[in-house]
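Student: I am new to this structure and would be grateful for a close look at one part of it, the paired strands and what surrounds them. Please begin with the overall arrangement.

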Amino acid sequence: MTADLPRVSLIPIFINVFTPPLIPYPRAYAFGQAVRRTIEALLDDCRAALMCTVSHWPPFRNPNQRVDQMKEFQTFRKPVLEQYPNLFVELEEYEMEMAKKNQYPLNSKHPLINADLDRLFLKHYCDGNIEWIKVLMYEYVKKDAGHGDREIINYVAVLRAMEGAKSRLLLYEPVMDGICGMAYIDFEVEP
């Protein structure tokens with residue numbers, strides 16, 4: 001029976017990380033503040049949980065026909081799939097080849113997953129170091145993380161929504177199959 005279960009509403013909030021214009025880090029931080037104000041305006045018996053994602057290698061911005069088609073799909077959706085029906089299969093093959101080689105296709109100085117940069121970011125994040133995070137620039141992070149750095153914006157917004165609270169890193173693991181670093185962080189908020 002579901003009558004005893006609480007009703008849960010999920011509200012996805014998307015921040016554009018693919019197509020310019022991209023949100024600057026300070027604006028993502030301010031966006032997190034707006035999310036916090038919205039949460040605080042909820043009824044007293046409501047609870048909220050925040051989640052975000054980040055990766056290093058979303059499939060775009062590489063001189064590759066499949067990648068260009070994927071970028072087109074991200075903008076125009078279904079009509080692109082009608083034109084390129086094998087797009088996802090070909091892109092998956094491309095990503096699997098990259099993961100096997102652990103090689104960044106743009107001749108970067110580091111592998112696909114830069115675990116050192118991930119750990120540096122996560123340290124500042126868990127310490128609640130708002131000033132370090134607010135001044136990040138896409139160019140700085142991209143240099144060492146690849147163009148998937150854009151998704152760090154999600155973490156910036158959540159950190160502000162949590163009012164820069166310190167948190168605890170429960171787990172970090174580079175996951176080559178997903179071409180990303182996986183982190184689990186706990187803000188240890190009382191229910």
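Tutor: The protein has eight helices and two strands; here helices (H or I, at least four residues) and strands (E, at least two) are DSSP runs, numbered from the N terminus. Along the sequence the order is α-α-α-α-α-α-α-α-β-β. This is a predicted model, in which local features need pLDDT of at least 70, side-chain atom pairs count only at pLDDT 80 or more, and totals for chains, interfaces and linings use all residues. Residues are numbered from 1 along each chain as its sequence is written, and side-chain values use heavy atoms, with hydrogens and water left out.

The part in question begins after α8 (152-161), in the loop that leads to β1 and holds glutamate 163. Although glutamate 163 is not a glycine, its phi is positive, at about 60°. Most residues other than glycine have a negative phi. Glutamate 163 is partly exposed, at 47% relative accessibility; buried means under 20% relative accessible area, exposed over 50%, and partly exposed in between (1.4 Å probe, protein chains only).

Next come the strands themselves. Strand β1 covers residues 168-175 and strand β2 residues 180-186, and the two pair in the antiparallel sense over seven bridges; strands count as paired if DSSP finds at least two bridges between them. Within this pairing, tyrosine 172 stands opposite alanine 183 of β2. Four residues lie between the strands of the hairpin, where isoleucine 179 takes a positive phi near 50°.

The hairpin also carries a nonpolar surface patch of about 370 Å², made by Leu170, Leu171, Met182 and Tyr184. Both β1 and β2 give two or more residues to this patch. Patches are made of residues with over 30% relative accessible area and no salt bridge, with like charges joined within 9 Å and nonpolar side chains (Val, Leu, Ile, Met, Phe, Trp, Tyr) within 5 Å. A salt bridge is a side-chain nitrogen of Lys or Arg within 4 Å of a carboxyl oxygen of Asp or Glu. Accessible areas come from the Shrake-Rupley method with a 1.4 Å probe, and for residues only the protein chains shown count as cover. One member of the patch, leucine 171, lies in strand β1 and is partly exposed, with a relative accessible area of 41%.

For the setting of this part, the protein as a whole exposes about 12500 Å², of which carbon and sulfur atoms supply 56%. Of its 191 residues, 38% count as buried.
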